[in-house]
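Biologist: I am new to this structure. Please take a single part of it, look at it closely, and then follow what surrounds it.

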Amino acid sequence: MAFRLVVQFSMSNDENTPSPDEVSHKTSSNPLILHGRHFGRTVFALCNYPALLAAGILQLEELQDSPLEDFPADVQQEHRVFMELLDSYPGLLDRLTNGEEEDIIHMGDLLGKGASGAQGDNTKTLRSAVLEWLVPRGQAVIPPLSQNIKSDRGFNHKATGALLCPTGLDWLDAETKQSLKSGETTVHGDQWPMFLYAGYIYNSEDPWKGLLRSKILIFITTRSSNAYLHGMKCVTKGSLAYIAMQIWFSLSSSSVFSQTNTITDSKNFYHTILDLLEDPDESEEVGDLMTWWTRWVFPNSSSSQCSISKNSALSKIQEKRAALQE
């Protein structure tokens with residue numbers, strides 16, 4: 001093909017984002033919007049769905065002549081997301097291949113409305129819920145924090161600052177604290193914060209120890225499991241990265257959820273976590289982590305981890321990866 005529709009990412013809450021009442025009404029009447037809410041929360045959040053669908057159809061044609069491994073890594077990831085979307089919504093491929101261009105765009109818009117509506121709902125809910133875990137139960141946050149105004153969060157407050165402080169930096173050091181607060185020290189999304197770690201303790205000699213097992217992650221996940229993980233039997237990698245990103249933003253001083261925000265760098269934060277969880281070289285640690293999460297959120301589940309659908313794109317990719325490593 002002479003061109004490719006690259007997936008663009010958008011996390012802004014603007015005038016096009018439906019209100020909770022609008023989303024509630026539409027999700028009850030349109031299954032694509034409802035599925036968009038679920039898919040964005042549990043598989044891949046930062047997605048322009050019309051572009052994803054259009055690029056996915058083109059990629060299916062290109063794969064008739066060349067294997068997926070011949071394409072750049074970002075194209076491979078984009079196509080894996082597309083295939084997961086097809087696997088999770090029976091009949092979608094037929095609708096895409098038999099539809100006109102405007103039909104594909106319309107289906108993508110519906111999925112996108114669902115995903116952005118869910119994101120907006122979660123952002124609003126967590127803005128206040130996250131404050132419950134800043135200090136031990138029964139204690140007050142000092143100085144107090146507003147549930148609706150975020151300008152005093154982030155590195156402007158000792159409680160949120162300690163949780164957002166990047167691993168490897170000492171929040172208790174006055175010079176470090178002031179540099180973070182003033183913005184002199186810029187924090188990028190791949191500089192993961194302390195709140196991701198159990199006990200908020202980071203071990204530089206064993207960076208996997210306690211990663212993505214903190215109390216605030218457990219609290220938000222279990223509190224929101226009915227909404228985030230409806231109909232599921234295990235926590236997914238996408239849902240874990242999504243909730244971490246939501247907490248990252250809720251603790252920050254930023255009032256607008258945007259991928260271009262230099263304060264939160266949410267896009268990079270989300271991607272680096274998801275990339276780690278999907279890295280085949282980290283499969284042993286990731287497997288242990290996902291089993292641990294499933295036992296926390298779904299203690300009565302008969303399975304300790306998700307089974308991969310037989311003959312799915314993901315199962316074929318993993319089989320090929322395993323064969324290459326033998």
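Modeller: What follows starts at one helix and works outward from there.

The model is predicted. The part chosen is helix α3, residues 49-62. With 14 residues at 1.5 Å a residue, α3 should span 20 Å, and its end C-alpha atoms are 20 Å apart, so the two values agree.

At the start of α3, N48 places a side-chain oxygen within 3.2 Å of the backbone nitrogen of A51. Of the 14 residues of α3, 12 are buried, so the helix is largely enclosed by the rest of the structure. The buried residues run from Y49, P50, A51, L52, L53, A54 and A55 through G56, I57, L58 and Q59, and E62 is buried as well. What lies over them? The cover includes α2, α4 (73-88), α5 (92-98) and α6.

Two of those covering helices are also joined to each other by a charged pair. General background comes first: side chains of opposite charge can pair when their charged atoms come close. In this model there is one salt bridge, and it is formed by the side chains of D121 and R37, at 3.0 Å from N to O. D121 belongs to helix α6 (residues 101-129) and R37 to helix α2 (residues 31-42), so the bridge ties together parts that are 84 residues apart in sequence. Are the two partners buried or exposed? D121 has a relative accessible area of 19%, and R37 one of 12%. Buried means under 20%, so both count as buried.

The chain can be followed onward from α6. In the loop between α6 and α7 sits P143. The peptide bond from I142 to P143 is cis, with omega near -10°. As a rule, most residues other than glycine have a negative phi, and most peptide bonds are trans.

Beyond that loop comes helix α7 (residues 158-164), which contains T160. T160 is buried, at a relative accessible area of 0%. Its side chain reaches the backbone oxygen of G154 at 2.7 Å. Leaving aside residues up to four places away in sequence, T160 touches L134, L145, R153, G154 and L251.

One of these, L251, is also touched by F195. F195 and L196 touch the most other members of the largest nonpolar core, which has 77 residues. Helix α10 (residues 237-251) supplies the largest share of this core, 10 residues. Besides L251, the contacts of F195 include A244, I247 and W248, and others among them are L163, L164, I216 and F269, again not counting residues up to four places away in sequence.

Y200 is another contact of F195. Y200 is found in the loop between α8 (174-182) and α9 (215-228). Although Y200 is not a glycine, its phi is positive, at about 55°. Y200 counts as partly exposed, at 28% relative accessibility. L212 is found in the loop between α8 and α9 too. The phi of L212 is near 60°, a positive value in a residue other than glycine. L212 is buried, with a relative accessible area of 2%.

One last item concerns cysteines. How many disulfides does the structure hold? There are zero. Among the cysteines, C47 is buried at 11% relative accessible area, and C165 is buried at 1%.

Terms used
Residues numbered from 1 in each chain as written. Predicted model: local features only at pLDDT ≥ 70, side-chain atom pairs only at ≥ 80, totals over all residues. Heavy atoms only, no water. Core = buried A, V, L, I, M, F, W, Y, C linked by side-chain atoms within 4.5 Å. Buried < 20%, exposed > 50% of the residue type's maximum accessible area, 1.4 Å probe, protein only. Helix = DSSP H or I, 4+ residues; strand = E, 2+ residues; numbered from the N terminus. Contact = heavy atoms within 4.5 Å. Salt bridge = Lys/Arg side-chain N within 4 Å of Asp/Glu carboxyl O. Disulfide = S-S within 2.5 Å. Polar contact = N/O pair within 3.5 Å; in protein donor to acceptor, adjacent residues only side chain to side chain. Expected span 1.5 Å × (residues − 1).
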